[in-house]
Amino acid sequence: MNNQTSSGIIEIFWRYLILGLASFGGPAAHMGYFRKLFVEQLNWINDQEYAKLIALSQFLPGPGSSQVGFAIGVQRGGLAGGIAAFLGFTLPSFLLLYFLSALTLSDQAAWFDGVIHGLKILAVVVVLDATLSMFNSFCKDKITTAVCTVSAATLMVMPSITTQMLVLVFAAIVGVIYCKEVSSQSTAEANSNLAENSDIKSNSRKLSKVKMVPLCLFAMLFLLLPVISNQSLWGELFASFYSAGSLVFGGGHVVLPLLQETVGNNVAPDQFMLGYAAAQAVPGPMFTVAAFLGAESMPEHAFLAATVATLAIFLPGFLLVLAFQKSWVNLAKKPVVAGAVTGINAAVVGLLLSALYQPVFVNAVHSGVEMAAVIIGFMMLRLFKLPIVLLVVGFAVFGITL
């Protein structure tokens, strides 16, 4: 690597590190930060390219804003640039959630239990808001609403990772059969103003082969997860988080029900909810909740476990970005693919709705006063757009006073 390339990678890292320290507000806010810096200020990419990357992140499973950030890094500095972008954007929240886990594993002051309880109540507010927003976006007709309803009811009656996977397969089939016409029309409209890059129009055989490498690696790891999980505790840890990262459609909040099923036996419900609530309070990607849960799963090797869990949950989404970044537009126009994605998006709303009840609501709300706090918090977030940082402070104080 020459000095010019090295300096470019370093610049990518520190630009993303600053964003990782200041990007509060969740994926939608992250997209705004990225556009302001990389499109308007630095001119690393143009608006059309940025719009394609956002649409790509919606099309693939994985952490949406982190996938966009990773793709910008790849476009700017190759694979090394993508890795630098990931490390810079993720490091601050990773460290914050790891140290929170270390704090919970040590002796706690009495007030700390109150803060934990307040954050668990806040999680009800946040998941409720996310569920409603996703329902409005993905369940716009009778078919998608029915898929959402059946998915939620099924998961409430038979909660398991196997049920979740079957629900997603069922939703994809329903989408292919009933939603492909509508989906293809909406996809065409969404892409009508996006100019095709010349390299997309003139893909070479060499480029196609290169794209197959990350795709094959993604598929191989996913298919081998049962084998990997049975090898050791470390294999089980990697498999749990890689599986969750491979199946998350629709945003970071959907990782909650997936992780609850895969790591629920190794992490107490209260600690699980604390980690999820804390992930709302820190800047950067929500998927760094894996750092907290990984450390809680293996406290005797907390830092290494946090690192393995974090890398495992981000890896599938990044492999898919590498595979499809150049050719996804043409793929997304296919009615069968668009219909399957429509069905899956409706199903993940059902996944999140089931998680809203168990474990979020069941483990947080035990009295009328706490339910009143949920209602007021939801109003402040939904109607008055109160920043999440202020809600974190408010609910922490509320928890202490209970």
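Me: How much space lies in the largest cavity?
Reply: About 40 Å³. The model is predicted, and this value is computed from it.

Me: What makes this space a cavity and not a pocket?
Reply: The test is escape. A 1.4 Å probe fits in a cavity but cannot get out, whereas a pocket is open. The structure holds one cavity of 30 Å³ or more. At about 40 Å³, the largest cavity meets that cut-off.

Me: Which residues line the largest cavity?
Reply: Y16, S66, G69, F70, A85, F86, F89, T90 and F318. Each has an atom within 4 Å of a cavity point, because that is what lining requires. Helix 4 (residues 64-105) gives the largest share, seven residues.

Me: How is the lining of the largest cavity split by class?
Reply: Six residues are nonpolar, three are polar and none is charged. G69 is in this lining, and Gly counts as polar, so G69 falls in the polar class.

Me: How much space lies in the second largest pocket, and what lines it?
Reply: The second largest pocket has about 460 Å³ and 21 lining residues. F70, V74, L79, F318 and L322 lie nearest its centre. F70 and F318 also line the largest cavity. Helix 4, helix 9 (205-223) and helix 15 each supply at least two lining residues. Helix 4 has the largest share, seven. By class, the pocket lining has 16 nonpolar, three polar and two charged residues.

Me: How do you know that the span of helix 15 agrees with its number of residues?
Reply: Helix 15 covers residues 302-324, which is 23 residues. At 1.5 Å a residue, the expected span is 33 Å, and the end C-alpha atoms are 34 Å apart, so the two agree.

Me: Where in helix 15 is the kink?
Reply: At L315, shortly before the proline P316. The kink is about 35°. That angle is taken between axes fitted to the seven residues ending at L315 and the seven starting there.

Me: What is notable about the peptide bond from Q358 to P359?
Reply: The bond is cis, with omega near 20°. P359 lies in helix 17 (residues 335-361).

Me: Where is N43 found, and what is its phi?
Reply: N43 is in the loop between helix 2 (27-41) and helix 3 (47-59). Its phi is positive, about 55°, although N43 is not a glycine.

Me: How confident is the predictor?
Reply: The chain averages a pLDDT of 84, and 88% of the residues score at least 70. Over residues 187-210, pLDDT stays under 50. For that stretch the model has 24 contacts beyond four places in sequence.

Key. Residues are numbered from 1 along each chain as its sequence is written. This is a predicted model: local features need pLDDT of at least 70, side-chain atom pairs count only at pLDDT 80 or more; totals for chains, interfaces and linings use all residues. Side-chain values use heavy atoms; hydrogens and water are left out. Helices (H or I, at least four residues) and strands (E, at least two) are DSSP runs, numbered from the N terminus. The expected span of a helix is 1.5 Å times one less than its number of residues. pLDDT is the predictor's confidence in each residue, from 0 to 100. Contact means heavy atoms within 4.5 Å. On a 1 Å grid over the protein atoms alone, a cavity is a set of points where a 1.4 Å probe fits but cannot get out, and a pocket is an open set with protein on both sides within 12 Å along at least five of seven lines; lining residues have an atom within 4 Å of a point. Grid points are joined across faces, edges and corners, and a volume is the space filled by probe spheres set on the points.
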